[in-house]
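This report introduces a structure to a reader who has not met it before. The sequence and the structure are shown first, and the description follows under short headings.

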Amino acid sequence: MRILVVEDDPLLGDALQAGLRQRGFDVDWVRDGVAAEGALRAETFAGVVLDLGLPRLDGLTLLRRERARGARVPMLVLTARDATEDRVSGLDSGADDYVVKPVDLDELAARLRALVRRSTGEPAPVLTLGTLKLDPAARTVTLGARPIELQAREFNLLHELMRNAGRVLTRRELEQRLYAWGEEIESNALEVHVHHLRRKLAPALIRTVRGVGYVIPRDADDLERP
Amino acid sequence: MRRRLLVVLLGLVAAIWTAAALFSYFDARHELDEMFDAHLAQSASLLIAQAGHDLDEIDEHAADLHRYARRVAFQFWEDGRVLRLHSANAPSTRMSSQDEGFADVRIDGAGWRVFSGRDPSRRYVVQVGERTSARDAIVGTMIRNMLWPLLFALPLLAIVVWIAIARVMHPLGLLNRQVVARAPDNLVPLALDAAPAEVAPLAANLNRLFERVRTSIENERRFTADAAHELRTPLAAIRAQAQVARGATADAERTHALESVIAGCDRAVHVVDQLLTLARLEPEGFAVRRARCDLQMVARECVADIAASANAKAITVTQADGPPVVIDADERLLRTLLRNLLDNAVRYSPDRSEVRVRITARDEDASIVVADRGPGVPAAERDRLGQRFHRLQPGATTGTGLGLSIVKRIAALHDATVAFDAVPEGGLAVTVSFRRAAPMAQ
């Protein structure tokens with residue numbers, strides 16, 4: 001999942017980026033409100049960690065502007081302002097969660113996962129498809145009783161497809177969701193990952209829609225088809 | 001206190017009254033004595049005048065004519081030996097041994113005042129005497145009549161004074177009850193319109209005191225809140241970096257995270273130091289120890305102190321040479337002020353740039369200018385400089401936002417001014433001007 005971290009403090013921003021990466025997220029880090037606005041318009045993120053005390057454009061204003069233009073990306077406010085009126089103001093301005101610094105990185109990661117789940121309407125934390133189970137928190141995949149070993153990028157791709165089960169995701173969308181800025185995307189990296197997933201799990205799992213993208217079906221029955 | 005007032009008042013009244021009575025006693029006694037003496041003498045003269053009549057066979061006593069008569073007596077002596085005429089109560093012996101003039105004698109255990117006089121022929125001696133008890137009685141009665149009222153007047157006075165004091169103290173009592181009834185943290189001003197004129201000044205001053213206390217408490221609360229807030233982010237960074245270090249899979253990652261932990265701690269310590277400095281400077285009654293300082297020399301020393309951090313960014317800090325510039329200032333505060341100015345300049349300056357320090361002196365003031373080649377401050381923002389925790393580019397530098405607050409506070413303690421200007425080539429120039437001597441009278 002791709003997360004945007006908006007934090008002006010260099011030490012904390014660096015820690016958030018490194019820490020969330022350790023926990024399986026792809027992280028882009030910007031340091032002021034204007035850069036954040038630009039990033040949100042240009043890219044698709046699964047979630048945003050937003051500090052309020054930002055230079056050039058403060059967090060609350062950014063929040064309101066994004067919501068006003070219809071952005072539905074889950075936004076978690078991470079701030080030093082702990083007064084009740086600040087919390088109320090933050091939540092009412094459009095934040096999906098409000099966390100006061102300092103925060104435990106594991107908790108932050110869990111909250112982000114919860115927000116993302118809610119945004120795509122997944123009721124259960126663990127994604128299932130027939131006997132295939134994907135646990136985003138533990139970052140494990142099991143097929144029946146057998147645990148499957150996946151690389152980080154493969155896991156993220158599978159997660160993304162399962163999250164949007166039944167919906168075709170284009171190449172561009174997948175690349176956006178899986179790669180942070182500055183990461184080199186080899187020309188057929190996506191195909192390679194899809195190939196690996198088919199091999200490790202089930203050939204029929206990921207369907208190619210020619211010229212469009214890839215999709216994972218909603219129902220397990222479709223899996224059995226050759 | 002009321003009782004004390006009452007006792008003092010009544011005591012004074014009684015003492016003055018008694019003193020007056022005593023004075024009157026002596027005065028009246030004296031006058032009375034004179035009057036009675038005159039009377040005695042006159043009586044004697046009268047008797048002598050009567051001596052023209054034949055007194056040979058008269059041997060009688062005069063009738064009692066007056067209530068005091070029993071106390072007055074007279075004797076007519078012929079040739080000093082034969083008692084020819086006397087009052088009923090006169091003794092048979094001579095009342096006084098003197099032939100002329102006044103004498104105080106004792107007759108039968110009582111005190112008598114006796115006047116003796118001779119008739120022109122010098123055959124007869126008239127002695128007229130008066131029991132002094134008569135005089136005593138009169139004066140005594142007079143004094144008693146003066147002191148009797150005191151017995152009634154004092155209790156009456158006590159009651160009146162008590163009531164008067166009660167009424168005077170009533171407004172104070174009301175005020176006292178108002179203040180006592182308050183909760184300890186209630187600093188709302190007293191209602192002045194309800195207070196009577198006598199206690200209005202007191203109430204007004206109490207309100208002023210409340211105001212000062214409230215401001216002081218408010219400042220402290222705000223400061224504590226600011227401090228807690230300001231420390232959250234550094235602490236969050238430290239914690240997060242530590243977690244990253246713990247979960248790091250590669251050595252380089254771990255090392256980087258741990259170094260960030262240390263950097264975060266250093267920053268937090270710096271914030272705490274600045275906060276403490278500011279907290280120490282805040283109290284209204286902060287004592288400034290002024291002495292003669294050479295601004296040039298102190299500046300040179302501060303420039304030397306900052307060399308290390310300047311070198312880390314390859315920044316040169318230059319100070320124009322000049323003669324000593326003496327001002328009246330607290331040297332340690334002056335150092336703190338300069339340190340913060342230089343610190344800011346170096347922080348905001350890009351690498352390999354120059355920070356310039358210049359001191360100018362005139363008769364009435366001396367100023368020090370610290371100019372950097374950093375991003376500068378737009379005119380609109382210059383007003384907010386020095387507001388606590390206000391930082392222009394919070395993320396770009398590691399400053400605390402407190403440096404300029406400290407500079408402003410120290411300047412204020414010295415009656416100095418702080419001005420911010422733009423450097424023409426880009427950057428910020430901060431000028432602190434100290435007054436040198438008392439302004440000349442116009």
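## A β-α-β unit in chain A

In this predicted model, strand β3(A), helix α3 of chain A (residues 59-68) and strand β4(A) form a β-α-β unit that is right-handed. The two strands of this unit are also paired with each other: β3(A) runs parallel to β4(A), which spans residues 75-79, and three bridges connect them. Within this pairing, Leu50(A) faces Val77(A) of β4(A).

Strand β3(A) has a further parallel partner in strand β1 of chain A (residues 2-6), to which it is joined by four bridges. One of the residue pairs here is Val5(A) with Val49(A) of β3(A). In a regular strand, side chains point alternately to one face of the sheet and the other. Are the residues on the two faces of β3(A) buried or exposed? On one side Gly47(A) and Val49(A) are buried, and on the other side Val48(A) and Leu50(A) are buried, which leaves both faces of this strand, residues 47-50, covered.

## Chain A as a whole

Chain A contains nine helices and twelve strands. Of its 226 residues, 41% are buried. Among the contacts in chain A with a separation of 6 or more, 58% link residues that are 24 or more positions apart.

## The sheet of chain B

Chain B has an open sheet of five strands, arranged in the order β2-β1-β5-β4-β3 with antiparallel pairing. The edge positions belong to β2(B) (82-86) and β3(B) (101-107); each has a single partner strand, so one side of each has no neighbour in the sheet. From one strand to the next, the twist averages 30°.

Inside this order, strand β1(B), residues 72-78, is joined to β5(B) by seven bridges in the antiparallel sense. Gln75(B) is placed opposite Gln127(B) of β5(B). Helix α1 of chain B (residues 2-50) lies across β1, β3, β4 and β5 of the same chain, and its direction makes an angle of about 145° with β5(B).

The loop between β4(B) (110-118) and β5(B) (124-131) contains Pro120(B). Why does Pro120(B) count as exposed? Pro120(B) counts as exposed because it has 10 C-beta neighbours inside 10 Å, and the cut-off for this class is 12 or fewer. Although Pro120(B) and Ala49(B) are 71 residues apart along the chain, their C-alpha atoms are separated by 9.1 Å.

## A covered helix in chain B

Helix α8 of chain B, residues 403-413, is mostly covered, with eight of its eleven residues buried. Among the buried residues are Leu404(B), Ile406(B), Val407(B) and Ile410(B), and also Lys408(B) and Arg409(B). The elements that cover them include α4, α7 (331-348) and β11 (417-422) of chain B. After α8(B) comes Asp415(B), which has a positive phi near 60°.

## Where the chains meet

How many residues does each chain bring to the contact? Chain A contributes 19 residues and chain B contributes 20 residues. On the side of chain B, the elements that give two or more residues are α3(B) (200-247) and α4(B) (251-281). The largest share, twelve residues, is supplied by α3(B). By class, this side of chain B consists of eight nonpolar, nine polar and three charged residues.

## Confidence of the model

The model has an ipTM of 0.79 and a pTM of 0.61. For chain B the mean pLDDT is 80, and 88% of the residues reach 70 or more. Residues 438-442 of chain B have a pLDDT below 50, and this stretch makes one contact in the model beyond near neighbours in sequence.

Terms used
Residues are numbered from 1 along each chain as its sequence is written. Chains are lettered from A and ligands numbered from 1 in the order in which they are written. A residue is buried if 20 or more other C-beta atoms lie within 10 Å of its own, exposed if 12 or fewer, and partly exposed in between; C-beta atoms are placed from the backbone. Two residues are in contact if their C-beta atoms, placed from the backbone, lie within 7 Å. Two strands pair if DSSP finds at least two bridges between them. A crossover is right-handed if, with the strands pointing away from the viewer, the path from the first strand over the helix to the second runs clockwise. Ala, Val, Leu, Ile, Met, Phe, Trp, Tyr, Cys and Pro count as nonpolar, Asp, Glu, Lys and Arg as charged, and the others, Gly among them, as polar. pLDDT is the predictor's confidence in each residue, from 0 to 100. Axes are lines fitted to C-alpha atoms, for helices over the stretch in contact, and angles run from 0 to 180 degrees between N-to-C directions.
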